[in-house]
Each structure stands twice: as structure tokens, then as C-alpha cells.
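Grab a coffee and work through these exercises with the viewer open. Each one sets a task and then walks through a solution.

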Amino acid sequence: MGPFDNWLKDLADIGPIYPLVGSEGIWVAVVALFWIWWHMAQIRIESQLDREQIEAIGELEDLYETFSEDS
Amino acid sequence: MGNQYEGVVVLLREIYYRDLVILMFFAPIGLLLFKLGMSSKKHRIATLTQNLMLMPVMIISFFLFGWFFYKGFEFGPGITGGWGVSGTALPWSEFMGPNLDAKPNPDNIINTAIPWHIFLLISIIVVSIATGSWIERIRGSALCILSVILGSVFWVIAAAWGWSKSGWLVELTGFHDAFAGGVIHCLVGGFALGVLLPLGPRLGKQSEIFDVRKTIHNPWMITLGMLMIYVGFLSFYFAAQIPLIKTFDSGNVILTTNIYGAPTTIYGTTSNLFLSLAGGMMMGFVLSKGDLFWILGGGLAGLVSTSAGNDLYHPLQAFLISIFVVWLVFKAHHWIERRFRIDDVTGVLAIHGFGGFFGLIISGFILWGYPSSPNMEFADINPAGQAFGAMLTFWLFGFFPGYIGSQVLEFFDVLRIPEDIEIGGQDTLAMKKQKEEIVDFIGIEKAVLKEIIEERKN
């Protein structure tokens with residue numbers, strides 16, 4: 001897995017020290033897809049929470065009666 | 001340049017930037033506290049969670065393409081003019097991970113010297129500033145998407161053009177912005193305005209606009225937050241000064257340089273920072289008759305106002321510029337608010353946008369004729385170059401991306417939270433669940449207590 005077999009070299013010859021050097025493009029693609037999916041998931045979760053939120057808030061007329069000055 | 005000197009400078013930079021990353025974290029934390037202090041109780045938890053999510057979103061997007069935009073767009077005079085060493089900033093580059101061969105490139109020593117995580121933190125700060133103006137009515141997802149547009153695309157391109165050793169704005173127009181009064185603050189103000197127009201004021205259709213002074217909900221939190229922002233500001237000043245080797249006839253000297261590679265002194269720039277802060281706070285106090293928001297905000301506007309030229313000003317010049325610009329900022333803020341009904345919760349447009357804009361214009365006159373860069377072929381600092389840079393950062397990189405981005409989000413109906421939630425509070429569900437959990441917990445406690453009492457009786 002490792003790109004070198006000992007530390008006793010010129011450090012510049014060792015270069016990258018993480019495993020699986022050369023497969024970075026695959027990780028980038030996976031991470032980019034996850035990142036885009038996350039934004040879509042966030043929008044979906046928010047819309048669902050909004051519906052629950054509106055239900056929890058109830059009628060605005062009732063809210064008006066109990067409106068706190070502190071809010 | 002000998003290897004020993006190069007080794008010492010590499011070591012010095014590593015220690016310097018490692019410590020500064022920690023200190024610079026004070027700025028986003030302070031900005032978060034500031035926003036929470038300005039939020040009403042019914043929106044506070046939502047403001048906290050939405051703004052916390054900016055951090056991971058910025059980290060991943062900046063790694064994927066933000067750093068590449070800085071490295072790729074720093075050459076000119078065209079929009080790119082070649083990609084230079086930007087290949088090393090691509091997310092799949094071997095140099096983006098731990099690499100023992102990742103030494104600074106001697107041909108481009110300044111820009112390779114500032115590590116990407118310093119720029120990442122600046123990006124987080126940039127979006128943390130902007131998002132303050134939209135709180136209490138913007139959706140969290142819109143906040144994240146707009147932050148990526150601002151923090152991982154447009155501010156970094158503006159920085160590449162005007163806040164780098166080889167940016168074409170510096171080369172052709174003599175643009176000088178040592179501590180990013182334009183490429184950060186002016187730009188952020190423009191972006192905030194671009195979003196504020198489609199977003200609208202709090203409580204949607206109300207005719208009465210909020211005044212920031214009326215919407216401070218926690219004075220202790222905004223004070224603590226702003227003091228942390230000042231600490232972050234100081235750390236940012238240090239990060240924008242680079243320990244570097246200069247070769248003179250008498251030999252090599254390690255000295256402090258600004259972002260363009262021109263010599264400056266940490267003593268001078270730090271004095272300027274403190275004098276700017278003092279001028280801004282004093283003027284803010286007088287103009288607002290002791291109002292907390294404007295004492296703190298005046299201090300910040302003072303810091304912003306001198307950032308373009310604080311590597312060269314005398315401390316007393318910085319003080320005088322600061323008080324003048326804070327006066328302008330205060331007047332402009334109230335005029336804009338009244339005239340255009342703009343509800344800017346944390347005063348981003350005024351403090352950062354106007355502060356940075358006016359600061360750049362003034363620096364063009366005061367520093368007229370100074371070399372903008374150690375490269376003698378580059379244009380000298382001049383009023384037209386500074387004004388051009390101010391317009392470019394505010395409108396092209398700030399306002400238009402913010403306006404277009406938020407219009408697209410508005411088109412898909414994901415920009416603003418529903419009116420009922422805005423009025424009832426985004427924390428309604430969280431508070432309801434919390435109350436239910438407390439009731440459950442009290443029930444469990446009572447049951448346990450009853451058990452203990454019965455045990456003792458027996």
C-alpha cells in the first residue's frame with residue numbers, strides 16, 4: 001500500500017506519504033458526488049422540517065394572542 | 001540563495017502559519033457569536049445550526065476547487081493568462097496531501113508560502129461576515145449554496161487578481177490592498193447587498209424596517225463576539241505578512257513583507273491596526289451617542305477602512321482615515337436603510353462594504369506614486385487604479401454573483417423560509433421537542449424518586 005519502503009532516503013525522493021498514491025481522482029469523484037448529494041439532502045430535510053414546523057406553530061391568530069415581547 | 005537560508009525560512013513559515021491558523025479561528029467564532037447576539041430567541045438555534053454548517057461546506061468546496069481558483073487566476077493580464085503552478089492546487093494533485101517534496105517554489109515563493117488552510121480560514125471568515133446580514137429569514141440550504149459561490153469562487157478569484165504577487169490588477173492598474181479592505185470587505189458588502197435585494201427585509205411585507213440598534217437581543221454575546229473578531233482581525237494581519245528572504249548587496253536578510261512581497265514591519269502595521277480600531281470606536285460612540293452596536297461596529301469599520309494601506313500609513317494617518325470613514329459609513333448606512341428599505345441585520349453593507357470601498361478610494365490619493373509591488377515594471381499606486389479595484393470588487397465580484405445566485409434560488413423557491421415560520425420562529429419545533437424531553441425527564445426523575453422514597457420506608 002505504501003509508496004516507499006524506508007525513511008532513510010532523500011525526502012524529496014519519497015514524495016507523497018499517504019497510501020494509494022495515483023488513485024486520487026477516484027477519491028475526488030466520490031467526495032464531489034457526496035458533496036452535491038449533501039446539498040440536495042439538506043434542501044429535502046429542510047422542506048420536511050418546514051412542514052412540521054408550520055404544523056407546530058399552528059394558526060397565526062393563536063400565535064398573535066400569545067406573542068411574546070421578548071421574541 | 002543558500003539551502004540553509006531556505007531551510008530557516010521554511011521552518012519559520014511553518015511555525016508562523018501553524019500558530020496563526022489557531023488564532024484566526026477566533027474570527028469565525030466571534031462572527032457566530034455576533035450573529036447569535038443579533039438573533040431573536042425564536043430563531044437562535046436555527047441561526048446557530050445553519051451557520052455552523054457553513055464551515056464543513058466551505059472546507060470541502062475550498063479543497064475541491066477554491067484553492068485551485070486562487071492559484072489558477074493569479075497570473076495575468078487576462079482573466080487567467082496561463083495556469084502557472086495551479087496544477088499543484090487541483091484536488092487530485094499529490095501536493096494537496098502530505099508530501100515530503102512539497103517545498104516552496106523559488107520562482108513563486110510568496111504565494112506558495114501561504115498555505116491553503118490560511119486561505120480556507122479567510123474564506124470561512126468571508127462567508128461568516130456576509131451571512132450575518134441575511135439571518136432570520138434565509139433558508140439554511142440557500143446560505144450554504146451562496147457561501148460556496150462567495151467563499152470558494154468569487155472572493156478567491158478577486159484575491160488572485162488583486163491580492164497576489166502577480167495579479168494583473170496590481171500589474172496593470174497599480175492596485176494596492178495590503179490587508180484586503182477591497183478583495184474581502186468591499187466585496188463581501190457588495191455580495192450581501194446582492195442577496196438582500198431579492199431576499200427582502202425580515203417579516204416579509206412589513207412597511208416598517210428594522211434598525212439594527214433595535215434588534216440587539218443579547219448585548220453580552222455581541223460584545224464577546226466582536227472582541228473575538230478583533231483578535232481574528234489582528235491574526236489575519238499577521239497572516240497577510242510573510243517572513244521572506246530578500247537579497248541585498250550586503251547579503252540575505254529575513255524580513256517581513258506584505259502580500260505583494262514588498263517590505264513592511266509588523267511593528268508599524270500592528271500600531272496602525274490599533275489606531276484604526278481606536279478611531280473607529282471613538283467615532284462610533286460620538287455618532288450614535290454611545291450605542292453598543294455602533295461602538296463595536298465603528299471599531300470594525302475603522303479596521304476595514306485602513307486595511308488597504310496599513311502596511312504604509314503612519315499610525316496617526318490611520319487614526320484620521322478611520323474616523324473619517326466611520327463617519328461616512330454611519331451616514332451612508334442610515335441613508336441607504338431609509339431610502340432603499342434594506343434590512344441588513346449585522347450591518348455588513350455599511351461596515352464592510354462602504355468601509356472597504358471608501359478606504360480604497362482614500363488610499364489611492366494618500367499612497368499616490370508608491371510602488372505597488374517590488375516588481376518595478378508594475379504600475380504605481382494611483383487613485384484611478386484603487387477606484388477601479390473598488391468598483392470591480394464591489395460590483396463584479398460582490399453584487400452581481402450575489403444577486404444572480406439568490407435570484408436563481410428564489411426561482412426554485414429555496415431562498416426564503418415560509419412566512420409562518422418566520423413569524424412563529426424557526427426554533428418552534430426544537431423548543432417543543434426540548435419541552436417534551438424535559439417533561440419526560442421530569443417523569444423519569446419522579447419515578448426514580450418515588451422508588452427511592454419507598455425503598456427507604458421499607
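What follows is a set of short exercises on this predicted model.

**Exercise 1. Warm up on chain A: work out its helix and strand content, and how much of chain A is buried.**

Step 1: Count the elements. Chain A has 3 helices and 0 strands.
Step 2: Read along the sequence, and you get the pattern α-α-α.
Step 3: Check burial. Of the 71 residues in chain A, 24% are buried.
Step 4: Look at the surface. Chain A has an accessible surface of about 5,300 Å², and carbon and sulfur atoms account for 63% of that.

**Exercise 2. Find the largest nonpolar core and say which residues have the most contacts inside it.**

Step 1: Size it up. The largest nonpolar core holds 126 residues.
Step 2: Pick out the hubs. B:W134, B:W155 and B:W163 have the most contacts inside this core.
Step 3: Ask which element contributes the largest share. That is helix α7 of chain B, residues 140-162, with 14 residues.
Step 4: Zoom in on one hub. Beyond its sequence neighbours up to four places away, B:W134 touches B:L143, B:L146, B:F191, B:A192, B:V195, B:L196 and B:L199.
Step 5: Put it in context. Nonpolar side chains in soluble globular proteins tend to be buried together.

**Exercise 3. Now the outside: locate the nonpolar surface patch of about 930 Å² and classify B:V408 as buried, partly exposed or exposed.**

Step 1: List the members. B:L197, B:M391, B:W395, B:F400, B:Y403, B:I404, B:V408, B:F411 and B:F412 make the patch.
Step 2: Find the main contributor. Helix α15 of chain B, residues 383-411, gives the most, with 7 residues.
Step 3: Place B:V408. This valine sits in helix α15 of chain B.
Step 4: Classify B:V408. Its relative accessible area is 41%, so B:V408 is partly exposed.
Step 5: Try another residue of this helix. B:Q407 is also in helix α15, and B:Q407 is partly exposed because its relative accessible area is 31%.
Step 6: Tie distant sequence positions together. B:Q407 and B:V195 are 212 residues apart in sequence, with their C-alpha atoms 8.1 Å apart.

**Exercise 4. Which side chain of opposite charge is nearest to B:R44, and how far away is it?**

Step 1: Place the arginine. B:R44 is in helix α3 of chain B, residues 44-52.
Step 2: Check burial and pairing. B:R44 is buried yet has no salt bridge.
Step 3: Give the distance. The nearest side chain of opposite charge is B:D427, 6.9 Å away, whereas a salt bridge needs the charged atoms within 4 Å.
Step 4: Look at the company B:R44 keeps. Outside its neighbours within four places, B:R44 contacts B:L36, B:S39, B:H217, B:N218 and B:D427.

**Exercise 5. Explain why B:V127 and B:G355 count as buried, and list what each one touches.**

Step 1: Start with B:V127 in helix α6 of chain B, residues 116-131. Its relative accessibility is 0%, so B:V127 counts as buried.
Step 2: Leave out residues up to four places away, and B:V127 touches B:L54, B:M58, B:S147, B:L150 and B:G151.
Step 3: Move to B:G355 in helix α14 of chain B, residues 348-366. B:G355 counts as buried because its relative accessibility is 0%.
Step 4: With the four-place cut-off applied, B:G355 touches B:V304, B:S305, B:V325, B:V329 and B:A350.
Step 5: Finish with a distance. B:G355 and B:W327 are 28 residues apart along the chain, and their C-alpha atoms are separated by 9.9 Å.

Note on methods
Residues are numbered from 1 along each chain as its sequence is written. Chains are lettered from A and ligands numbered from 1 in the order in which they are written. This is a predicted model: local features need pLDDT of at least 70, side-chain atom pairs count only at pLDDT 80 or more; totals for chains, interfaces and linings use all residues. Side-chain values use heavy atoms; hydrogens and water are left out. Patches are made of residues with over 30% relative accessible area and no salt bridge: like charges are joined within 9 Å, nonpolar side chains (Val, Leu, Ile, Met, Phe, Trp, Tyr) within 5 Å. Accessible areas come from the Shrake-Rupley method with a 1.4 Å probe; for residues, only the protein chains shown count as cover. Helices (H or I, at least four residues) and strands (E, at least two) are DSSP runs, numbered from the N terminus. Buried means under 20% relative accessible area, exposed over 50%, partly exposed in between (1.4 Å probe, protein chains only). A nonpolar core is a set of buried Ala, Val, Leu, Ile, Met, Phe, Trp, Tyr and Cys residues joined through side-chain atoms within 4.5 Å. Contact means heavy atoms within 4.5 Å. Lys and Arg count as positive and Asp and Glu as negative; His and the chain ends are not counted.
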